[in-house]
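Please find below my notes on the model you sent. They are ordered by topic and can be checked against the coordinates.

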Amino acid sequence: MLPEPYRLHHRADFSRTVRRGQRVGRRDLVVHVLTHGYDGVVDVNGRHGDPAGALVRVGGPRFGLIVSKAVGNAVIRHRVARRLRHMCLQIVPELPADADIVIRALPGAAAASSEELLRQLRGAVRKLGVGSTGAAAVGSAGPA
C-alpha cells in the first residue's frame, strides 16, 4: 500500500498536475508530472500567497492514479490500481520530493505484466526529466 504522504487526494491536485504538468504517453500508461516549489501552495482557506496559513508539504513525491472503466470491470481496475501503487512505491527514491505524478492507465494495462508497466513508468519519468537519470526538472509555471 502507498503511504499517505505519497498520495494525491484532491481533485484540484489531479487537475493541476494534468493541466499544468508535462505528459508522456506509453503503450499502456500516460504519465503527467508537475514539480513545484512551496510558493504555489494554496492555504487552508483557498487563498494564494498567504504564508501565514500556507500548508507545508511533507513526505516525498505524490502519486495519483486514474483507472477508467475502459480498462475493464471493477475487479480488473482494482487489480491494475494495486499493481500501479506498488510500482509507485518502488520508484519513490528516484524522484524529487516536490513532484506530483498522475498515472492514467490505458486499456492495455490490464493485460500487461508488472515488469512491463514498471519499465514504461520508469521510462516515462526519465523522459520527463524527473527520474534518477533525469537532470532537468519539469517547470511548474509553464504556459497554461
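The points below deal with confidence, one helix, and a set of charged pairs.

1. Confidence. This is a predicted model. The chain has a mean pLDDT of 82, with 75% of its residues at 70 or more. Residues 38-54 have pLDDT below 50, and in the model this stretch makes 13 contacts beyond near neighbours in sequence. The pLDDT is also below 50 over residues 134-144, a stretch with 18 contacts of that kind. Where pLDDT is low, the predicted coordinates should not be read in detail. I would apply that caution to both stretches, 38-54 and 134-144.

2. Geometry of helix α3. This helix covers residues 114-127, 14 residues in total. From its first C-alpha to its last it reaches 20 Å, close to the 20 Å expected at 1.5 Å a residue. After α3 comes G129, which has a positive phi, near 90°.

3. Packing of helix α3. The buried residues in α3 are E116, L117, L118, Q120, L121, G123, A124 and V125. Their cover includes two strands that lie early in the chain, β1 (22-25) and β2 (29-35). Helix α2 (74-91) and strand β4 (99-105) are also among the elements that cover them.

4. E116. Buried or exposed, where does E116 fall? E116 counts as buried because its relative accessible area is 17%, under the 20% cut-off. Its side chain forms a salt bridge with that of R27, at 2.8 Å from N to O. R27 sits in the loop between β1 and β2 and E116 in helix α3, so this pair links distant parts of the chain, 89 residues apart. In contrast to E116, R27 is exposed, at 59% relative accessible area. The side chain of E116 also makes a polar contact with the side chain of R119, at 2.5 Å. Leaving aside residues up to four places away in sequence, E116 touches R27 and D28.

5. R62 and D100. Which parts of the chain does this salt bridge tie together? The closest N and O atoms of R62 and D100 are 2.9 Å apart. R62 belongs to strand β3 (residues 62-67) and D100 to strand β4, so the bridge joins parts that are 38 residues apart in sequence. Both partners count as buried: R62 has a relative accessibility of 16%, and D100 has 0%. The pair belongs to a salt-bridge network that links D13, R16, R62 and D100.

6. E94 and R122. A further salt bridge joins the side chains of E94 and R122, with an N to O distance of 2.9 Å. E94 is in the loop between α2 and β4, while R122 is in helix α3, 28 residues away in sequence. R122 is partly exposed, with a relative accessible area of 24%. For the whole structure, the count of salt bridges is 7.

7. A99. This residue lies in strand β4 and is buried, with 0% relative accessible area. A99 and G60 are 39 residues apart in sequence, yet their C-alpha atoms are 7.7 Å apart in space.

Technical notes:
Residues are numbered from 1 along each chain as its sequence is written. This is a predicted model: local features need pLDDT of at least 70, side-chain atom pairs count only at pLDDT 80 or more; totals for chains, interfaces and linings use all residues. Side-chain values use heavy atoms; hydrogens and water are left out. Helices (H or I, at least four residues) and strands (E, at least two) are DSSP runs, numbered from the N terminus. The expected span of a helix is 1.5 Å times one less than its number of residues. Buried means under 20% relative accessible area, exposed over 50%, partly exposed in between (1.4 Å probe, protein chains only). Contact means heavy atoms within 4.5 Å. pLDDT is the predictor's confidence in each residue, from 0 to 100. A salt bridge is a side-chain nitrogen of Lys or Arg within 4 Å of a carboxyl oxygen of Asp or Glu. A polar contact is a pair of N or O atoms within 3.5 Å; within protein, one must be able to donate a hydrogen and the other to accept it, and residues adjacent in sequence count only if both atoms are side-chain atoms.
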